[in-house]
Amino acid sequence: MSEYAAEIAPVINVAHVNVHASAAQPLADLAAASGLTPAYLYDLRFTLPLRPLPRTGLAVLYRYASDQERTLLQHLDEGTLTEDGDGLLRLTDKGLDFVHHVYDLHAAAVARVWVGHDLAGPAELVGRVLAAAERLPGGALELVAPPYEPEGTGPGLRLFNRLAALRYHRADAHAAAWRSVGLSASEIVDLRDGPERTAIEAETNRRASAPYGALSETERDTLYDILLKLI
């Protein structure tokens, strides 16, 4: 199963990134027209409408990024997020409206990029994998899953956002792998190719493979083949 996790991960990444690329200009236009900062409203569009996010969760979701304080303050100043006394971040009506516009532009991007493909089948398969994925305490997946799927969300958009959430399971697996050998986030970023990185990637694949056991071998092959066709 580790080999499967290793093979499907880059396919998921490319399929996911292709939709983002198609939506890039519409997103820039939306940001310009609204005068709002996309940032978390875009990255975390599939979780903020459902649940408050602890401020401390930003460091988990953005493990390899610089301090998120300035971005957070932009959202607070623009009135798209609020923060309570317990450090919980919540989406405002203004922020939710922006998220819904993002969903609209992603639906349009999916229609362009994945035109002509059956998307209901893979959306259901990815949903089962995501449901089976372990939510590690203190990990990223528990902060973002299950994804926001408002009434009327089409299969393509469900697939796109379920893939987005599932990628956090592999991210948690990778973080657990490099932590198990005593590395920090900055150290794994700087780690060169070699036996140590190879071992970490192997351990990442082992940890990331578990939820694919929710599918039969035939279903796993089907999912891989369909996602490959999407890229």
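Let's start at the second largest pocket of this predicted model, which is lined by A132, A133, E134, L136, H169, D172, A173, R206, R207, A210 and P211. About 160 Å³ of space lies in there. Sorted by class, the lining comes out as six nonpolar, one polar and four charged residues. Helices α8 and α10 each put in at least two residues, and α8 has the largest share, with three.

Now follow α8 over to the largest pocket, where this helix again gives the most to the lining, this time nine residues. The volume here is about 620 Å³, and 30 residues make up the wall, with N13, A164, R167, Y168 and A171 lying nearest the centre. Besides α8, the elements giving two or more residues are α1, α2 (39-43), α3 (57-61) and α10. The class split is 18 nonpolar, six polar and six charged.

While we're on α8, which spans residues 155-180, have a look at N161. Is N161 buried or exposed? Its relative accessible area is 1%, under the 20% cut-off, so N161 counts as buried. Leaving out residues up to four places away in sequence, N161 touches R45, F46, Y103 and P147.

Finally, how do α1 and α10 pack? The axes of α1 (residues 2-34) and α10 (residues 195-209) sit 8 Å apart at an angle of about 100°, so the two helices are roughly perpendicular to each other. On the α1 side the contact involves S2, A5 and A6, which meet N205, R206, A208 and S209 of α10. By class, that contact has three nonpolar, three polar and one charged residues. You've already met R206, in the lining of the second largest pocket.

Definitions and conventions: Residues numbered from 1 in each chain as written. Predicted model: local features only at pLDDT ≥ 70, side-chain atom pairs only at ≥ 80, totals over all residues. Heavy atoms only, no water. Axes fitted to C-alpha atoms, helices over the stretch in contact; angles between N-to-C directions. Helix = DSSP H or I, 4+ residues; strand = E, 2+ residues; numbered from the N terminus. Parallel < 35°, antiparallel > 145°, perpendicular 65-115°, else oblique. Contact = heavy atoms within 4.5 Å. Nonpolar A, V, L, I, M, F, W, Y, C, P; charged D, E, K, R; others polar. Buried < 20%, exposed > 50% of the residue type's maximum accessible area, 1.4 Å probe, protein only. 1 Å grid on protein atoms, 1.4 Å probe; cavity = no way out; pocket = protein on both sides within 12 Å on 5 of 7 lines; lining within 4 Å. Points joined across faces, edges and corners; volume = space filled by probe spheres on them.
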